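Let's take a friendly walk through a protein chain, from its overall make-up to a few of its corners. Have the structure open beside you as you read.

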Amino acid sequence: MRKVLIVDDHTVVCEGIKRVIEDINGVHVWETVHSGEEALQVLRRERVDVVLMDVHMPGIGGLGATREINRLYPDTKVIALSAIDDAPYPAKMMEAGASGYVAKGSDMSELIEALETVLKGQQYLSRVVAQKVALAKTTKNGGDSPFGELSDRELQVAQMIVDCVKTKEIASRLNVSDKTVSTFRKRIFTKLGIESDVELARLAMRYNVLGLV
């Protein structure tokens, strides 16, 4: 039996995915957890074949967790799950070591196809994601989102700013000081060429890359 770990900070999402996965012959959902940190704890005591990883979660998030899994447990495959199918997240997750990327709005049959493909040692991109990646490559300016200039942690902070999370709460979630969060904010604004949270929110809406997911 192939072991699958589901990681998503929404319990309902975890249970929905679990019901779908359990119908696949030869696949067993070993556990469901709600953060990247918990996923790493599970992997320290039990090896699994595939991790279905939500991209946007508090703490180290899906990006950070995927990098750590790829570094510490290279035989464990990661399939990213996200409601956001535009750049820069698909590219960043694949660069972090994910073997697949599935948009949460996709039909569940795509999730099954992604799992079966990755278990064969191949990579999988959700059809809607693949189409957007291809379109971005053929546009005149490359179609690159300015958010692609941000680091993993800067993307995480930017998302929380857009979600109206206060500086102290961001610092608490990331286990850093208020001053460090302010430094991240300045870097984000400089890289994106903006001067306020409002401008950040507008830019995020324009490129459809951030939000509550």
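When we talk about how two helices pack, an axis is a line fitted to the C-alpha atoms over the stretch in contact, and the angle between two axes runs from 0 to 180 degrees between their N-to-C directions. Keep that in mind for the helix pairs below. Please also remember that this is a predicted model.

## The chain as a whole

The chain has 213 residues, and 46% of them are buried. Its secondary structure consists of 10 helices and six strands. Now consider the contacts between residues with a separation of 6 or more: 65% of these join residues that are 24 or more positions apart.

## The nonpolar cores

Which residues have the most contacts inside the largest nonpolar core? They are V51, F147 and L200, in a core of 47 residues. A second core, separate from this one, has 18 residues, including I17, V50, L52 and I79.

V51 is a good place to zoom in. If we set aside its neighbours within four places in sequence, V51 touches L5, V7, L43, I69, T76, K77, V78 and I79. One of these contacts, I79, belongs to the second core.

## Three helix pairs

Here are the helix pairs with their axis distances and crossing angles.

| Helix pair | Axis distance | Angle |
|---|---|---|
| α7 and α8 | within 10 Å | roughly 140 degrees |
| α7 and α10 | within 9 Å | roughly 105 degrees |
| α9 and α10 | 11 Å | about 55 degrees |

Let's begin with α7, which spans residues 152-162, and α8, which spans residues 167-174. Why do we call this pair oblique? Angles over 145 degrees count as roughly antiparallel and those from 65 to 115 as roughly perpendicular, whereas this pair crosses at roughly 140 degrees. The two helices are therefore oblique to each other. Their crossing is right-handed. On the α7 side, the residues that meet α8 are R153, Q156, V157, M160 and I161, and their partners in α8 are I170, R173 and L174. Sorted by class, this contact has five nonpolar residues, one polar residue and two charged residues.

Next, α7 also meets α10, a helix of residues 197-207. With an angle of roughly 105 degrees, α7 and α10 are therefore roughly perpendicular to each other. From α7 come A158, I161 and V162, and from α10 come D197, L200, A201 and A204. In this contact six residues are nonpolar, none is polar and one is charged. You have met L200 already: it is listed among the residues with the most contacts inside the largest nonpolar core.

The third pair joins α9, residues 178-192, to α10. Their angle of about 55 degrees makes α9 oblique to α10. This crossing is left-handed. R185, I188, F189 and L192 of α9 meet D197, L200 and L203 of α10. The classes here are five nonpolar, no polar and two charged residues.

## Stops in the loops

Most residues other than glycine have a negative phi. With that in mind, look at the loop between α7 and α8, where C164 lies. C164 is not a glycine, but its phi is positive, near 65 degrees. Is C164 buried or exposed? Its relative accessible area is 63%, so C164 is exposed.

In the loop between α8 and α9 you will find N175. N175 is not a glycine either, and its phi is positive, at about 60 degrees. With 71% relative accessibility, N175 is exposed too.

Now turn to G148, in the loop between α6 (127-138) and α7. G148 has a relative accessible area of 37%, so it counts as partly exposed. Apart from its neighbours within four places in sequence, G148 is in contact with P88 and K92. Between the C-alpha atoms of G148 and K191 there are 9.9 Å, while the two residues are 43 residues apart in sequence.

Our last stop is H10, which sits in the loop between β1 (2-7) and α1 (11-21). H10 is partly exposed, at 35% relative accessibility. H10 and D54 are 44 residues apart along the chain, and their C-alpha atoms are separated by 9.4 Å.

Key:
Residues numbered from 1 in each chain as written. Predicted model: local features only at pLDDT ≥ 70, side-chain atom pairs only at ≥ 80, totals over all residues. Heavy atoms only, no water. Core = buried A, V, L, I, M, F, W, Y, C linked by side-chain atoms within 4.5 Å. Buried < 20%, exposed > 50% of the residue type's maximum accessible area, 1.4 Å probe, protein only. Contact = heavy atoms within 4.5 Å. Helix = DSSP H or I, 4+ residues; strand = E, 2+ residues; numbered from the N terminus. Parallel < 35°, antiparallel > 145°, perpendicular 65-115°, else oblique. Left-handed = near helix turned anticlockwise from the far one by under 90°. Nonpolar A, V, L, I, M, F, W, Y, C, P; charged D, E, K, R; others polar.
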